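Trainee: Please give me a close look at the shell around the ligand. Then walk outward from there through the rest of the chain.

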Amino acid sequence: MLRDFFIEDRLERFRTSAFCNLGESGIRNQNLSELSSYLGLDLRELGGLSLADSPNSGRPDLREEIASLYPGASADQVLVTTGTGEALFLAFSLLLEKGDMLSLFWPAFQALYEVPLFRGARLNPVSLLDRMETGEFGFGEKNLRNLFEEKPKLVVLNHPHNPSGMSTTRTDREVLQKLLQDFQETWVLFDEHYRFLDGDSELGWTGFGLSERSLVTGSVTKCFGVMGLRIGWLVGPKDFIAKARSMKDYLTHTVSPISEFLTLALLRKRNAMQASIRKNLKTNITLFSGSVSDLAGIDFFRAPEGGIVGFPKLDPRLSSGSYADLLWNQAGIFVLPGSDFETEGYIRVGFGETPERFRDGLDRWSAIGSETIARLYK
Ligand SMILES: Cc1ncc(COP(=O)(O)O)c(C=O)c1O
């Protein structure tokens, strides 16, 4: 059985009504006019777009554009999917059988382990919680080695990582490359949803091509605030992509031509948008880091190295659910409790809000006194 997707309950309840939405893992969504003015798009061009089914693998020019993000990849190694959620579902369904071992860093985005469990896989979660408090950059050699300890069929590496905000260092990548040479049977799936916001680079590192058994998922939706376009992709060996395409025919079959059109325009002109997105993200993260000591109930925070989210640690006397409820009820701030990541004692904070709303939210948050928080102690 697939269990409930834990984060979705709060996301459904609060994402549209939150004054300050820090529950989301993406940049605050833009509307179509904002997007088109950024991209210099004349929306009348949409008028000529055929509303026929798109090609099953995705529009050829879009696949070319996506392939160009991955050194050495060609368009026939790219499958356009409905969100990366579908790409992940296809990859897990094709790779995993009952009893197969899957390793991943913990805590994790639920689909990365829930779908494998549904397939009957066994899980080797490798905790990042201690590493988060060392202040060292990257995942670290020991943690990476632990991913391979049980000789897994599949390692899932989500980088930049949701929810910890960790990303790979050069040393991590070297270690990984060596491990993949040593574990010839192991597949790796790189979930690179936040690749366009990985540290200071315009386009973060990709694990594509690290071995013949590597797959990558990606998207523009979270990094550019266009979640509703629902476009994602899977990149991998040609024969694997052909099988994934055939399986996709049973699921969503094709994606919307309107979404493909806008995604292609966005990818081609992404630099126009990236500068302001990065600036706002940095402003919010810096503000939060500087305000943590004023936020009653937060014990520790490590600023993300990449991506849009962080995972502050709570005072151990607090339960994450009641803390998240209090923030919502008293300040109109929406965050996700660590319990939704099956990891008590933390909350997940997104930094994709507009700086104005983020600042207002923090003012309201810091106005919640420690006496109020103390009433929540378990
Ligand atoms: C790490 C990670 N992977 C995959 C997904 C799924 O994203 P999509 O909306 O593209 O299906 C998410 C969504 O939050 C995510 O955080």
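Mentor: I start at the ligand, follow the chain next to it, and end with the domains.

First, the ground rules. This is a predicted model: local features need pLDDT of at least 70, side-chain atom pairs count only at pLDDT 80 or more, and totals for chains, interfaces and linings use all residues. Residues are numbered from 1 along each chain as its sequence is written.

Now the shell. Around the ligand sit Ser25, Gly83, Thr84, Gly85, Phe109, Asn158, Asn162, Asp191, His193, Ser219, Thr221 and Gly232. A residue belongs here if its C-beta atom, placed from the backbone, lies within 6 Å of the ligand. By class, ten are polar, one is nonpolar and one is charged. Ala, Val, Leu, Ile, Met, Phe, Trp, Tyr, Cys and Pro count as nonpolar; Asp, Glu, Lys and Arg count as charged; the others, Gly among them, are polar. Helix 4 (residues 83-95) gives the largest share of the shell, three residues. Helices (H or I, at least four residues) and strands (E, at least two) are DSSP runs, numbered from the N terminus.

Take Asn162 from that list. A cis peptide bond joins Asn162 to Pro163, with omega about 15°. Pro163 lies in the loop between strand 5 (154-158) and helix 8 (170-182). On the other side of strand 5, the loop from helix 7 (141-148) holds Lys151. Lys151 is not a glycine, yet its phi is positive, about 50°.

Phe109 is another shell residue. For the stretch around that number, look at Pro107, in the loop between strand 3 and helix 5. Trp106 and Pro107 are joined by a cis peptide bond too, with omega about 0°. Strand 3 (residues 101-106) runs parallel to strand 4 (residues 122-127), with six bridges between them. Two strands pair if DSSP finds at least two bridges between them. Leu104 has Pro125 of strand 4 as its bridge partner. With helix 5 (residues 111-118), strand 3 and strand 4 form a right-handed β-α-β unit. Right-handed means that, with the strands pointing away from the viewer, the path from the first strand over the helix to the second runs clockwise.

Now step back to the domains. Domain 1 covers 6-32 + 272-374, and domain 2 covers 42-268. These bounds come from an automatic or database domain assignment. Their C-alpha centres are 25 Å apart. The contact uses 26 residues of domain 1 and 29 residues of domain 2. Contact here means C-beta atoms, placed from the backbone, within 7 Å. On the domain 1 side, helix 1 (6-14), helix 11 (270-291) and strand 10 (309-310) each give two or more residues. Helix 11 has the largest share, four residues. That side has twelve nonpolar, nine polar and five charged residues.

Strand 10 also belongs to an open sheet of three strands, in the order 10-14-13, with antiparallel pairing. Strand 10 and strand 13 (336-337) are at the edges with a single partner strand each, so one side of each has no neighbour in the sheet. Strand 10 meets strand 14 (residues 347-350) over two antiparallel bridges. In that pairing, Gly310 has Val349 as its bridge partner.

Terms used:
Contact = placed C-beta atoms within 7 Å.
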